[in-house]
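I opened my notebook to look up charged pairs and strand pairing. My entries follow in the order I made them.

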Amino acid sequence: MFFRAPSELAEKPVAAGVALRVGGLVSEGSVQRDGLNVRFEITDLAHQVDVRFTGMLPDLFREGQGVVAEGRIMDGRLTASNVLAKHDETYMPREIADS
């Protein structure tokens, strides 16, 4: 599975149905929820990728947060089968912070 940033996809699109990972930040104001169906954009601050996902999102998922979405390009957007939220380098698990 290939990894791409939104700018890489803009410069060199992949064929429909190809499995890939897209990483970047969740664009501010882009998250729309309808039950378990979620629409959002991933950006690298130069380009955006439209993402559709159905399922439970990670607890760390939010606008402005780093994410990696795995899926396939369908109809010009990424239909994600998995969304992973990334934490920043200052993240500390609650158990350690409490101690």
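**Entry: Arg77.** I started with how far Arg77 is open to solvent. Its relative accessibility is 27%, so I noted it as partly exposed. The cut-off for buried is under 20%, and exposed needs over 50%, so Arg77 falls in between. I keep in mind that this is a predicted model.

**Entry: the partner of Arg77.** Which residue forms a salt bridge with Arg77? I found Asp50, with the closest N and O atoms 3.3 Å apart. Asp50 lies in strand S5 (residues 48–54) and Arg77 in strand S7 (residues 77–85), so the pair ties together parts that are 27 residues apart in sequence.

**Entry: Asp50 again.** I checked Asp50 for another contact. Its side chain also meets that of Arg52 in a salt bridge, at 2.6 Å from N to O. I wrote down a network: salt bridges link Asp50, Arg52 and Arg77.

Next I asked myself: is Arg52 buried or exposed? Arg52 has 17% relative accessibility, so it counts as buried. Asp50 has a relative accessible area of 26%, so I listed it as partly exposed.

**Entry: S5 and S7.** I then looked at the strands themselves. S5 and S7 run parallel and are joined by 3 bridges. I picked out one residue, Val51, and its bridge partner in S7 is Leu78. I added a rule for reading strands: in a regular strand, side chains alternate between the two faces of the sheet.

**Entry: S5 and S4.** What is the sense of pairing between S4 and S5? Strand S4 (residues 37–43) pairs with S5 in the antiparallel sense, over 7 bridges. I located Ile42, and opposite it in S5 stands Val49. S4 and S5 form a hairpin with 4 residues between the strands. In this hairpin I noted Leu45, which takes a positive phi near 75°.

**Entry: the rest of the search.** How many salt bridges does a search of the whole structure find? The count is 3. I had not yet written up the one between Arg21 and Glu70, where the closest N and O atoms are 2.9 Å apart. Arg21 lies in strand S2 (residues 19–26) and Glu70 in strand S6 (residues 66–74), so this pair ties together parts that are 49 residues apart in sequence.

I closed with the accessibility of both partners. Arg21 counts as partly exposed, at 33% relative accessibility. Glu70 counts as buried, because its value is 13%.

How values were computed
Residues are numbered from 1 along each chain as its sequence is written. This is a predicted model: local features need pLDDT of at least 70, side-chain atom pairs count only at pLDDT 80 or more; totals for chains, interfaces and linings use all residues. Side-chain values use heavy atoms; hydrogens and water are left out. A salt bridge is a side-chain nitrogen of Lys or Arg within 4 Å of a carboxyl oxygen of Asp or Glu. Helices (H or I, at least four residues) and strands (E, at least two) are DSSP runs, numbered from the N terminus. Buried means under 20% relative accessible area, exposed over 50%, partly exposed in between (1.4 Å probe, protein chains only). Two strands pair if DSSP finds at least two bridges between them.
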